[in-house]
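Subject: Handing over a model

Dear colleague,

Please find below the structure I promised to pass on to you. Once you have had a chance to open it, the notes that follow may serve as a companion while you look around.

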Amino acid sequence: MRKLKAAILGGTGMVGQRFISLLEDHPWFEVHTIAASPRSAGKTYAEAVGDRWKLEKPMPDAVKNIVVKDVSDVENVASEVDFCFSAVDMSKDEIRAVEESYAKAETPVVSNNSAHRWTPDVPMLIPEINPEHTDIIEYQRKRLGTGRGFIAVKPNCSIQSYAPALYIWREHKPVRVAVSTYQAISGAGKTFKDWPEMEGNVIPFISGEEEKSEKEPLKIYGHIDAAKGEIVAAEGPLITSQCIRVPVLNGHTASVFIDFENRTSKEQLIDELVSYKGEPQKLELPSAPKQFIQYLSDDNRPQVTLDVDFERGFGISIGRLREDTMFDYKFVGLAHNTIRGAAGGAVLGAELLRAKGYINEK
């Protein structure tokens, strides 16, 4: 089986760079085409990025001489590849239009962007949690009039460190959740070189993040309504959030308070976390963490410097689960925001879609 040819839409930005880095030695996918804004089109990838390569791992040699295409030249880009990853930096209306154009050109789109997260027939995937939502693709294809093209998205990076735990504990019926997320600057596509004013600083507002943190888990926990041909969001739990930018390069931390309808023991909750295996683990997908969630018993864990790269950044770390005076329990979660929370989550989603037959050779 040959590797599937992927295009990276928006390949010059930080998330696009992370896609390229993660796919360097991927056993199923290869970066064949890179597309970006007109100002980058016609340049080699190395020329287009210049001194703006933001990752510690060097730019892969295999992509340096790829000539960047204009992302709006849909027919040209789509004709060369089997599917594409999207990390374009445009307005939401423009993103919706360009991603739908690629889907209608019979080129599946796996998107890191938020523009289509609330399109009712677009699956928003955490592959370990809601792989059955891929079934909505057949309804989406009917709407788009496509045979193989579709759009799938991954959710916001800020929810990765707590939404899986709430799902795993669903039998205990979480009813109220209060969460504060402490979010790394790479979530804004920045490094400290780009954003020196973040050194030693905290900004108590990230535009749009609180709404996403409160609502996106409910779509993930939802179900497919076959009669309507859409995903219906779950009614609960009720989530309230604050999202804060902190002087950390990579890694979103969450402080979470939770009430259950059916309260259980701390030991039971921890056992459910560490024993959980989702479909990516059962299918042994290339990027799937063997241990989806680790529980750390030390009071000072999880820590960004010690734990953000757990399972190559695809795993989630949870600690400090304990009883609370106002809620039933509280805990701290940590996830790598540009791997599990962004490009890596999209790569894992594409692997799931490949395994389920939605992405294949043209």
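Helices and strands are named here from DSSP runs, a helix having at least four residues and a strand at least two, and they are numbered from the N terminus. With those names in hand, E284 can be placed in the loop between α10 (279-283) and β12. Please keep in mind throughout that this is a predicted model.

**Backbone points to check**

E284 has a positive phi of about 55° although it is not a glycine, and, with a relative accessibility of 67%, E284 counts as exposed. A positive phi is also found at R312, again a residue other than glycine, where the value is near 60°. R312 sits in the loop between α11 and β13 (316-323) and is partly exposed, its relative accessible area being 44%.

There are also cis peptide bonds to note. One runs from G236 to P237, with omega near 10°, and P237 belongs to the loop between β9 (230-232) and β10 (238-245). Another joins R301 and P302, with omega about 5°, and P302 is in the loop between β12 (293-296) and α11 (304-307).

**Nonpolar cores**

The largest nonpolar core contains 54 residues, and those with the most contacts inside it are L9, Y102 and W169. Helix α7, which spans residues 163-168, gives the most to this core, namely five residues. Apart from this core lies another, of 33 residues, which includes W53, M59, A343 and L353. If neighbours within four places in sequence are left aside, L9 is in contact with A35, V71, V77, C84, F85, S86, A87, V88 and Y102.

Strand β1 (residues 4-9) also holds L4, which is buried at a relative accessible area of 1%. The C-alpha atoms of L4 and W28 are separated by 6.2 Å, although these residues are 24 apart along the chain. Residues up to four places away not being counted, L4 touches W28, F29, E30, D82, F83, R354, I359, N360 and E361.

**Buried polar residues**

H26 is in the loop between α1 (14-22) and β2 (29-36), and with a relative accessible area of 3% this histidine is buried. The side chains of H26 and E351 are joined by a polar contact of 2.5 Å. Beyond its neighbours within four places in sequence, H26 is in contact with K3, P286, S287, V347 and E351.

E216, found in helix α8, counts as buried at 2% relative accessibility. Outside the four places on either side in sequence, E216 has contacts with R117, W118, M124, P155, N156 and I159.

**Cysteines**

How many disulfides does the count come to? The count comes to zero, and C157 and C243 can illustrate the point. The sulfur of C157 has its closest cysteine sulfur in C243, at 9.1 Å, and therefore the pair is too far apart for a bond, given that a disulfide requires the sulfur atoms to be within 2.5 Å. Both residues count as buried, C157 at 14% relative accessibility and C243 at 1%.

**Pocket and cavity**

The largest pocket has a volume of about 1,300 Å³. It is lined by 48 residues, of which V15, A87, V88, D89 and G189 are the closest to its centre. At least two residues of this lining are supplied by each of α1, α5 (92-104) and α8 (209-220), and α1 gives the most, with four residues.

As for enclosed space, there is one cavity of 30 Å³ or more, and the largest cavity has a volume of about 30 Å³. The residues that line the largest cavity are V110, L125, A152, V153, K154, G345, A346 and G349. Both β6 (151-153) and α12 (343-355) supply at least two residues of that lining, with the largest share, three residues, coming from α12.

With best wishes

Conventions: Residues numbered from 1 in each chain as written. Predicted model: local features only at pLDDT ≥ 70, side-chain atom pairs only at ≥ 80, totals over all residues. Heavy atoms only, no water. Buried < 20%, exposed > 50% of the residue type's maximum accessible area, 1.4 Å probe, protein only. Polar contact = N/O pair within 3.5 Å; in protein donor to acceptor, adjacent residues only side chain to side chain. Contact = heavy atoms within 4.5 Å. Core = buried A, V, L, I, M, F, W, Y, C linked by side-chain atoms within 4.5 Å. 1 Å grid on protein atoms, 1.4 Å probe; cavity = no way out; pocket = protein on both sides within 12 Å on 5 of 7 lines; lining within 4 Å. Points joined across faces, edges and corners; volume = space filled by probe spheres on them.
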